[in-house]
Amino acid sequence: MTLLFLLLLGLITYFIVQRGVASSTSTPVWILWLVMMTPALAWTVWIWVQGEDQPPPLGVMIALFVFSSLLYLYLIQVGRSSPPNRDTAESEQESKVAPPPALTVEEQRQLQQCFPWSAYALHETECKGQVVVCRGQLRTSSDVAYQTVREKIEAHFGDRFLIVFQEGFEDKPFFVLIPNPQFQAKSAQPRLTRPMMALGLLALTVLTTTLMGTLAFSDLVSPEVEDNPNLLLENPSLLAPGLPYAIALMTILGIHELGHYLMARRYKIKATLPYFIPIPFFLGTFGAFIQIRSPIPHRKALFDVGIAGPLAGLMVTIPIFMWGLSLSDVITASENTSMFNFDSLNPKATVLLAILSKIALGNQLTTDMAVNLHPVAVAGFLGLVITALNLVPVGQLDGGHVVHAMFGQRTAVAIGQISRLLVLILAFLHQEFLWWAIFLLLMPIADEPALNDVTELDNVRDFLGLLALVILVMIVLPAPPTLIEWFYG
C-alpha cells in the first residue's frame with residue numbers, strides 16, 4: 001500500500017509541476033519533480049527500513065521539507081534567469097512580431113475620463129505589454145469605486161478588458177486592465193458543459209466505487225470472490241454488497257461539487273458540470289471537480305463559491321457517517337486500532353470523531369473500545385477527510401478561497417504557509433497526513449484574485465468563514481484527554 005501511495009503521489013506531483021511551472025522555467029521538469037519528491041522518498045525508505053511504528057525524527061523531516069522547498073524555488077528562478085541560446089534567441093526574435101500597444105494615445109486620453117475624481121483619483125497609468133496598470137487614490141467605498149470605473153471603461157471600450165481591482169501597498173488599491181480572452185477569441189470558445197461526458201464519468205465512478213466497496217469494505221463478500229475477483233465479471237449481482245458504500249460516497253462527493261456549481265451559477269460564473277474521477281483501485285475514485293471558466297467578480301462571490309461545497313457536503317456527510325456508525329460493530333481496541341483503520345477505528349482520534357461516535361453509539365463506547373466500520377460509515381468517514389482537506393486554507397483549495405476572501409490575498413498567503421507547517425507536524429501524529437503535507441507543499445500558495453479583490457466581507461460571511469476553520473480543526477485535531485474523559489469516562 002505504501003508503494004501504491006508513493007506511485008500515485010509521484011504521478012500527481014509530476015502533473016502539478018509540469019502544469020504549474022514547466023512553461024516559466026528552463027529547468028528540466030524531472031529535476032523539479034525529484035526535488036519535490038525528496039521528503040516522500042526519504043519517508044518511504046525510512047518506513048521500509050525501520051517499520052511504520054517508528055516515524056522519522058521530526059527535525060529531520062522539517063529540514064528536508066524546508067531544503068526541498070528552497071531548492072525547488074531556486075531551480076525555478078535559475079531556469080528563468082538563465083540566458084537563452086543566442087542563435088535560438090535571434091531566430092525567435094526575427095520570427096516574432098511585436099504585439100500592438102495596449103492603448104493608443106487617444107485611448108489613453110479616454111481612459112483618463114473613466115476615473116471620476118469623486119470615486120478614484122487617477123495619478124498615473126502604466127502600459128506593461130497588453131496590460132494597463134492604473135494607480136491612484138480611493139475616494140469612496142471600494143464597491144462604489146469599482147462599479148463606477150467598470151461601467152465607464154465598458155462604455156468606452158466594451159468587453160475588450162477585464163477590470164481587476166487589487167490591494168496595493170500602504171492601503172492604496174489599484175486597477176489593472178487585462179485583455180479579455182473571450183473578446184479576442186470568441187470563435188474559439190470551447191463547449192462549457194459536456195453532459196454526456198459528465199454522465200459517463202458518473203457511471204464509471206459508480207462502477208469503480210461499487211467494485212472497491214465490494215472487495216475492500218464489505219464483510220458480506222464470499223471467500224470465493226476474495227480469492228477470485230474475476231467471478232464478479234461472470235456474476236455482476238455479487239457487486240450488491242458494495243452498493244451502500246458507493247451510493248453513500250457518491251452522494252457526499254456529488255453534493256459537495258453541486259454546492260460549488262449552483263453557487264457559481266447564482267453569480268453567473270461560467271462553470272462546468274461536476275466531473276467524477278473513477279479509478280479501479282484504492283477508494284474507487286479520486287473525487288470530483290468542476291472547472292471555473294470565467295473570472296470571479298468579487299470577494300463575496302469567491303467566498304460563497306468556495307464555502308458552498310464543504311458546507312453542503314458536510315450537511316450530508318454527518319448524517320451518513322452517524323447512520324453508518326449505528327450499523328457498525330463496537331469491538332475491543334487492539335494495537336492495530338488507529339484513526340485510519342476501518343476494521344478497528346479509534347473513535348477518540350479527533351475532536352469531531354469523538355463527539356459524533358459517542359452520539360451515534362452511546363454507552364456502547366468506552367475508553368477501551370474501537371469500531372469496525374460498516375461500508376456506509378467508511379464513506380461518511382472519507383467524507384469528513386475530504387471536507388477537512390478542502391478546508392485547509394492553502395492556495396486554490398476551498399479553504400484557500402475562504403481565507404483569501406476574508407483577509408485578502410497577502411494575508412491568505414501567510415496563513416497558507418503556516419497551515420503547511422502545521423499539517424507537516426500533524427503528519428508525525430498520523431503518518432497518513434504525510435500525503436497531505438506533500439500535496440499542500442506542491443500546491444501554489446497564492447489564489448487567483450477576484451476582479452474586485454478589495455471589497456471586504458460582511459459579518460455573516462466572516463462568521464461562516466471562522467466556523468469553517470473551526471470545523472477543520474475539529475476534524476483533524478487530536479481529542480484532548482479532558483474531552484475523552486468527559487465523553488467516555
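These legends accompany close-up views of a predicted model.

**View 1. The whole chain, with 19 helices and eight strands.** The protein chain has 489 residues, and buried residues make up 46% of them. Its accessible surface comes to about 25000 Å². Carbon and sulfur atoms account for 63% of that surface. Among contacts between residues at least 6 apart in sequence, 72% join residues at least 24 apart. A search of the whole structure for salt bridges finds six. Several of these appear in the views below.

**View 2. A salt bridge within helix α5 joins E106 and R109.** The two side chains meet at 3.2 Å, N to O. Both residues belong to helix α5, which covers residues 105–112. They sit three residues apart, about one turn of the helix. E106 has 43% relative accessibility and so counts as partly exposed.

**View 3. E167 and R299 form a salt bridge.** The closest N and O atoms of this pair are 3.4 Å apart. E167 lies in the loop between β3 (161–166) and β4 (174–179), and R299 in helix α12 (residues 299–327), so the salt bridge ties together parts 132 residues apart in sequence. Is each partner buried or partly exposed? E167 is partly exposed, because its relative accessibility is 28%. R299 is buried, at 1% relative accessibility.

**View 4. D304, D458 and R461 are linked in a network of salt bridges.** Within the network, D458 pairs with R461. Their closest N and O atoms lie 2.5 Å apart. D458 counts as partly exposed, with a relative accessibility of 28%. R461 has a relative accessible area of 15%, under the 20% cut-off, and is therefore buried.

**View 5. L451 sits in the loop between α17 (434–442) and α18.** L451 is buried, because its relative accessible area is 11%. Which residues does L451 contact, leaving aside its neighbours within four places in sequence? They are Y146, L162, I163, V164, F165, P295, I296 and P297. L162 is 289 residues away from L451 along the chain. The C-alpha atoms of L451 and L162 are nevertheless separated by 7.6 Å.

**View 6. The second largest pocket is lined by 19 residues.** The space in this pocket is about 400 Å³. L422, V423, L472, V473 and V476 are the lining residues nearest its centre. Which helices each supply at least two residues of the lining? They are α15 (398–407), α16 (409–427) and α18 (459–476). Helix α16 gives the most, with seven residues.

**View 7. Two spans that UniProt lists as "transmembrane region" are residues 373–392 and 463–488.** The UniProt entry is unreviewed. It also places this feature at other spans, including residues 58–76, 196–218 and 238–259. In the model, residues 373–392 are 85% helix and 0% strand. The end C-alpha atoms of that span lie 26 Å apart. Residues 463–488 are likewise 85% helix and 0% strand. Here the end C-alpha atoms lie 31 Å apart.

Notes
Residues numbered from 1 in each chain as written. Predicted model: local features only at pLDDT ≥ 70, side-chain atom pairs only at ≥ 80, totals over all residues. Heavy atoms only, no water. Salt bridge = Lys/Arg side-chain N within 4 Å of Asp/Glu carboxyl O. Helix = DSSP H or I, 4+ residues; strand = E, 2+ residues; numbered from the N terminus. Buried < 20%, exposed > 50% of the residue type's maximum accessible area, 1.4 Å probe, protein only. Contact = heavy atoms within 4.5 Å. Areas by Shrake-Rupley, 256 points an atom, 1.4 Å probe, with all protein chains shown as cover. UniProt positions renumbered as here; feature names shortened; annotations may be inferred. 1 Å grid on protein atoms, 1.4 Å probe; cavity = no way out; pocket = protein on both sides within 12 Å on 5 of 7 lines; lining within 4 Å. Points joined across faces, edges and corners; volume = space filled by probe spheres on them.
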